[in-house]
Amino acid sequence: MADTAREDSTRVAGVGRTALLVAAARAIETSRPDAPARDEYAEHFVRAAPGCADWPLRFDQVPDGDADPLWGRLARFFGLRTRVFDGFLLGAAADGCRQVVVLGAGLDTRAYRLPWPDGTTVFEIDQEPVLTFKQSVLNGLGAVPRASRVALTADLRRDWAGALTGAGLDPTRPTAWLAEGLVPYLPPAAELELLATVDAHSAAGSAFGYEVKSGVRPAEQRGFPIYAAVRERLGIDLLALFDAGPRPDSVADLGARGWRTTVHTPFGVAVRDGAGLRPASDDALAANRWILAVRSAGANTAPVHVPA
Ligand SMILES: C[S@@+](CC[C@H](N)C(=O)[O-])C[C@H]1O[C@@H](n2cnc3c(N)ncnc32)[C@H](O)[C@@H]1O
């Protein structure tokens, strides 16, 4: 398996490589005694990708610990984000969603990690090289999903709904959707189109968790410690990969479509949960917002705005 996975990994480039960064962060977080979420598969993706040989996989391999902007702070952020969306999706499943769609799934292993109710199907959408690499690593581990799993290749900037319904998604049944770490890479029009597509395929009782960046001006943030560390140490220029267009207020759009939305900041969640993530100066994480939305049977037209 190692050779196959290594060959497949060489095609994971550009924005696809950001999935490896998140997997490494989840591996590190998994090694903490107080891990916010555990992903035992994460380290295997990093081990299988040759360009990541010098990346740490455990917190005790991070020389500066929490002071390291990349494998300390950013990893803590990803760990907390994982826990928030794990809880949100499992809550939606408990409320009756038996279809889960992970948009920009990357190396997300929720289909394998989480205790889904019987009859759940998890659909994952990403680029072909990312999904092929992921599959080869999981096959090599003999991993068995805890739900039916359907992996789909699509470009989320274009029409992807047909692939999903063609693969079995039933829009008349409630669905739990997730777009974690995806939206900033999409052009603004594609973000709104993605929301419209989710909305059009969501029966009452559906749920949608996603992440946006609010008020990011890439040119002003190049020197921010997290972006600089990811660029200089991993060769991933996140700000260049983010779409530079002004972001739409997709939260208001969703509210106007009748979804009940709540907006959370990572620091607000960290304080609430007693997690060790605090604001810093020139903080790339200050712009992140986690949106948790539910489509109830009744209409709710009150818009909810992302705080500035
Ligand atoms: C930062 S990673 C996040 C992966 C995963 N959601 C997680 O949190 O671990 C972003 C993912 O979005 C995918 N992606 C970005 N733009 C995409 C597009 N236009 N179509 C399909 N996938 C896309 C990338 O390939 C990558 O796997």
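**Exercise 1. Find which atom of Gly-104 meets a nitrogen atom of the ligand, then add the side-chain contacts.**

Step 1. A polar backbone atom of Gly-104 is 2.8 Å from a nitrogen atom of the ligand. That fits a polar contact (a pair of N or O atoms within 3.5 Å).

Step 2. Turn to side chains. Asp-126 places a polar side-chain atom 2.6 Å from an oxygen atom of the ligand. In Gln-127, a side-chain N or O atom is 2.7 Å from an oxygen atom of the ligand.

Step 3. Check the cover. On its own the ligand has 600 Å² of accessible area (Shrake-Rupley method, 1.4 Å probe), and the protein covers 97% of it.

The model is predicted: local features need pLDDT of at least 70, side-chain atom pairs count only at pLDDT 80 or more, and totals for chains, interfaces and linings use all residues. Residues are numbered from 1 along each chain as its sequence is written, and side-chain values use heavy atoms, with hydrogens and water left out.

**Exercise 2. Describe the shell around the ligand by count, class and source.**

Step 1. The ligand is surrounded by 21 residues, each with a heavy atom within 4 Å. Among the closest are Arg-26 and Glu-180.

Step 2. Sort by class: 9 are nonpolar, 6 polar and 6 charged. Here Ala, Val, Leu, Ile, Met, Phe, Trp, Tyr, Cys and Pro count as nonpolar, Asp, Glu, Lys and Arg as charged, and the others, Gly among them, as polar.

Step 3. Helix H2 (residues 17-30) gives the largest share, 4 residues. Helices are DSSP runs (H or I, at least four residues), numbered from the N terminus.

How values were computed:
A polar contact is a pair of N or O atoms within 3.5 Å; within protein, one must be able to donate a hydrogen and the other to accept it, and residues adjacent in sequence count only if both atoms are side-chain atoms. Helices (H or I, at least four residues) and strands (E, at least two) are DSSP runs, numbered from the N terminus.
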